[in-house]
Amino acid sequence: MTYWGQFLDHELTARTDRESLITSVSNAHPPQSSSIVEAQLRNARTPRFDLDSVYGGIPTGGGISADVAMVISGMRHPTQINKMRVGTAIEPGPLPDNLDEHRDLPRYSQVQDSVRQAALRLAQASMSNEDFTAFEATLPLRALIGDQRNDENLIVAQFHLSFLRFHNKAVDFLASHDTGWIADFHSAQLLTRLHYQWLIVEGYLKGICQPTVVSRIIDSRASHFFKFRAEYDARQPAVRLGNALPLEFSVAAYRFGHSMVRAAYDHNRTFGRPNNPAAFDLLFTFTGGGGMFGSPKLPKNWVIDWTRFVVANPPKINDGLAERVARKIDTELAPPLGVMQKEGNNLPPGQLQDLFKHLARRNLRRGYNLRLPTGQAVHRYLRQHGAITSAPIDDVSTIFAAKPNMRDFLKNSGAKFHERTPLWFYCLAEAEQGGGGSLGEVGSWLVASTMIGVLLSDPDSALSRDFTPSQSPLRMSDDSPIDSIAKWMKFAVVME
């Protein structure tokens with residue numbers, strides 16, 4: 001769930017957490033007015049679950065340069081024109097299973113020089129000289145995908161690969177079965193998107209949110225989300241409406257996933273049970289930007305074993321130990337998130353560098369700078385408007401009887417955090433109060449309302465079409481529909 005969520009975040013937002021006058025982590029200035037925040041904060045991603053991170057968008061139309069079109073063309077298979085390009089993992093092995101070795105993202109080393117030169121021109125136009133020099137030196141190793149952020153973490157990168165493989169398998173399936181569908185790129189792309197969008201609701205949202213909240217939002221057709229967008233459009237008529245997302249979602253509630261990150265992972269049979277797990281920091285090393293310890297492509301022994309992530313206790317590696325489950329949603333972060341290795345390295349050692357490397361402090365500072373309301377204020381507002389039914393947690397410190405240091409800090413803080421709780425922390429505390437298996441009602445509503453609203457705002461989405469996997473021509477080998485993330489992985493042939 002953790003890295004599925006990160007993939008979804010990259011579909012919706014980009015560059016909203018960069019340093020700027022209104023979100024500076026360096027300067028704890030008083031918050032700007034909400035009108036200034038609205039006028040200056042921009043989302044570089046059009047928030048639709050359309051897999052532009054996979055397909056690179058549409059290589060035509062206004063604003064699409066020849067260089068962008070050239071790079072997008074490189075994402076397609078060079079000879080099988082209906083398929084997407086993938087990469088091949090190399091020695092040392094072994095692979096985690098008996099499947100094929102085409103288990104890496106496509107990389108710039110695989111494509112013709114015209115694609116590489118187009119990518120360099122685009123990068124040079126948007127980067128400082130120092131950043132461009134580093135980008136150029138590492139280009140052959142970098143992934144040729146629609147969003148480079150999906151190759152910053154190995155688990156996200158392998159999740160991204162499953163989409164490329166799902167698309168390609170859809171082409172093969174349509175070509176070998178009499179379904180009435182044409183076995184071409186556009187059919188495979190449409191089916192990949194529809195299955196993915198259905199899984200967002202049925203597999204992801206109903207797993208990390210309270211299912212009753214998700215159902216209630218669907219039944220209301222996300223009416224509160226569309227009211228928010230209409231009010232925003234009235235205030236900002238010159239701004240493209242499609243880019244509007246609630247800050248309460250992007251800056252607070254959806255950052256719940258940070259609490260689910262582990263310090264180490266049961267990645268595969270080489271780096272996982274029964275051996276030592278894969279350390280969190282190594283997940284960043286085995287990516288295009290991480291250098292892969294000099295390997296030109298992903299080593300076979302770092303290909304992920306998805307059975308260890310989407311099946312709680314898979315039979316083939318049943319070792320009698322505790323079941324594999326996601327880390328609870330609560331107010332504790334894994335130690336690596338307190339000293340993030342890729343952040344603040346351009347700063348001298350000291351208090352400011354420590355701040356940049358500490359994820360919790362950064363989240364809290366950014367929420368303050370963007371004038372987010374407190375958790376209690378959001379809770380009361382949503383209840384008053386009939387969106388949720390539970391009562392606010394007036395004193396958050398009461399949740400932490402078993403954590404006296406946390407309780408006392410909140411209760412005794414000069415800012416009165418116990419009753420004026422930052423929204424991000426409030427959502428985590430609410431989840432912890434409920435046992436941590438899912439978000440609480442406020443967090444569930446903020447996340448589900450936004451994602452369902454985004455889906456419903458797209459007339460071609462699975463939710464707008466009332467699509468279900470049983471309507472799809474694609475089937476598993478036993479003729480069952482592809483209606484779970486485990487079946488998705490098996491259909492894509494990245495999991496046995």
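Let me start at the N-terminal end of helix α7, where N153 acts as the cap. A side-chain oxygen of N153 lies 2.9 Å from the backbone nitrogen of I155. Please keep in mind throughout that this is a predicted model.

The helix that follows, α7, runs over residues 154-176. What span should its 23 residues have? At 1.5 Å a residue the expected value is 33 Å, and the end C-alpha atoms are 33 Å apart, so the two agree. Helix α7 is also mostly covered, with 19 of its 23 residues buried.

That brings me to the interior. The largest nonpolar core has 134 residues. Which of them touch the most other members? They are L205, F256, V447, M451 and I452. By element, the largest share of this core comes from α7, which supplies 13 residues.

I would like to look at one of those core residues, F256, in detail. Leaving aside residues up to four places away in sequence, F256 touches Y204, I208, I329, W424, L428, L439 and V447. V447 is itself among the core residues that touch the most other members.

Next, R255. This residue is found in the loop between α11, residues 247-252, and β1, residues 264-265. Is R255 buried or exposed? Its relative accessible area is 12%, under the 20% cut-off, so R255 counts as buried. The side chain of R255 makes a polar contact of 2.8 Å with the side chain of N363.

Turning to the start of the chain, helix α1 covers residues 2-12. Like α7, this helix is described as mostly covered: nine of the eleven residues of α1 are buried. Those buried residues are T2, Y3, W4, G5, F7, L8, H10, E11 and L12. The list therefore includes the polar side chains of H10 and E11 as listed members of the buried set.

Finally, the chain as a whole. The protein chain contains 21 helices and two strands. Its radius of gyration is 23 Å, close to the 23 Å that the globule rule gives for 496 residues, so the chain is as compact as a globular protein of that length. Along the principal axes, the C-alpha atoms fill a box of roughly 65 × 60 × 50 Å. Buried residues account for 50% of the 496. Among contacts between residues at least 6 apart in sequence, 70% join residues at least 24 apart. The chain exposes about 21,900 Å², and carbon and sulfur atoms supply 53% of that area.

Note on methods: Residues numbered from 1 in each chain as written. Predicted model: local features only at pLDDT ≥ 70, side-chain atom pairs only at ≥ 80, totals over all residues. Heavy atoms only, no water. Helix = DSSP H or I, 4+ residues; strand = E, 2+ residues; numbered from the N terminus. Expected span 1.5 Å × (residues − 1). Buried < 20%, exposed > 50% of the residue type's maximum accessible area, 1.4 Å probe, protein only. Polar contact = N/O pair within 3.5 Å; in protein donor to acceptor, adjacent residues only side chain to side chain. Core = buried A, V, L, I, M, F, W, Y, C linked by side-chain atoms within 4.5 Å. Contact = heavy atoms within 4.5 Å. Rg over C-alpha atoms; globule rule 2.2 N^0.38 Å. Areas by Shrake-Rupley, 256 points an atom, 1.4 Å probe, with all protein chains shown as cover.
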